[in-house]
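Have a look at the chain below before reading on. The notes that follow walk through a helix, an annotated stretch and some charged side-chain pairs.

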Amino acid sequence: MAATHHAQAIKRDSQTYLTTALFQLLETTDLKHITVTQVVKRAGVSRMAFYRNFTTLDDLLRAYFEPAIAARFRDVSDHVPADQKLATIGAFFTEFAPMLRLATERGFEHIIRTAFDQNMTAFYQVTLAQTALTAAQRTYWTRFMSAGVYAIWREWLLGGQRESLTTIHDLIGTFQTATMRALIGGGNSRGD
């Protein structure tokens, strides 16, 4: 049992060292120009330690971002009061804006976007479960909203956050409500 805990601790440490090393390299170099060799050398771990945990540098970044983004979605689930949601979102985005900027500059934004989209899909599956929408309507509305919400947050974060967080939150809520009403009330113009 102790050996298992020790092995798990070593694995976590290796992952932390590798992640730290990769982010240090990303400060000056695009992801596509960074090699596993550079990362393991900077991290002070073996290539075997890297390949025991990851296949690619994208995998390393996914292992960092996916749990962080999933945690933020849990922080703003439907059972959390609105004012607490806004405070949580505000704190996250204050911390996250520099990372998003780095991601856009260094070529790994697709990893953040994919993690965001996966969480939005899961979030809306729960939200839409009690609606009268067809499966196709739920799928496409979710994709539409996920793309729109991501684009709004991205613009706001990278654009200097000129509007208040409340303004952005209300804007997203308005789009969400209006598009859902149109979908439910408008039906399908082709009659399908």
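In this predicted model, the buried residues of α6 are Glu-109, Ile-111, Ile-112, Ala-115, Phe-116, Asp-117, Asn-119, Met-120, Thr-121, Tyr-124 and Leu-128. Helix α6 itself covers residues 109–128. Does its length come out as expected or not, at 1.5 Å a residue? With 20 residues the helix should span 28 Å, and its end C-alpha atoms are indeed 28 Å apart, so the two values agree.

One of those buried α6 residues, Asp-117, also takes part in a salt bridge: its side chain meets that of Arg-143, with 2.9 Å from N to O. Asp-117 sits in helix α6 while Arg-143 belongs to helix α7 (residues 135–158), so this pair ties together parts that are 26 residues apart in sequence. Arg-143 is partly exposed, at a relative accessible area of 44%.

So much for that pair; now the others. The salt-bridge count comes to four, and the table lists three, among them the pair just described.

| Salt bridge | N to O distance |
|---|---|
| Arg-106 and Asp-30 | 3.3 Å |
| Asp-59 and Arg-62 | 2.6 Å |
| Asp-117 and Arg-143 | 2.9 Å |

Take Arg-106 and Asp-30, whose closest N and O atoms are 3.3 Å apart. This pair links distant parts of the chain, 76 residues apart: Arg-106 is in helix α5 (residues 82–106), and Asp-30 is in the loop between α1 (2–26) and α2 (36–43). Are the two partners buried or partly exposed? Arg-106 has a relative accessible area of 19%, and because buried means under 20%, Arg-106 counts as buried. Asp-30, at 24%, is partly exposed.

The Asp-59 and Arg-62 bridge stays inside one helix, α4 (residues 57–75), where the two are three residues apart, separated by about one helical turn. Why does that spacing suit a side-chain contact? An α-helix has 3.6 residues a turn, so residues three or four places apart point the same way. Both partners are partly exposed: Asp-59 has 22% relative accessibility and Arg-62 has 29%.

Finally, the annotation. UniProt, in an unreviewed entry, places the feature "DNA-binding region" at residues 35–54. What does the model show for that span, helix or strand? Residues 35–54 are 75% helix and 0% strand, and their end C-alpha atoms lie 13 Å apart. Helix α2, residues 36–43, is the one mentioned above as bordering the loop that holds Asp-30.

Conventions:
Residues numbered from 1 in each chain as written. Predicted model: local features only at pLDDT ≥ 70, side-chain atom pairs only at ≥ 80, totals over all residues. Heavy atoms only, no water. Helix = DSSP H or I, 4+ residues; strand = E, 2+ residues; numbered from the N terminus. Expected span 1.5 Å × (residues − 1). Buried < 20%, exposed > 50% of the residue type's maximum accessible area, 1.4 Å probe, protein only. UniProt positions renumbered as here; feature names shortened; annotations may be inferred.
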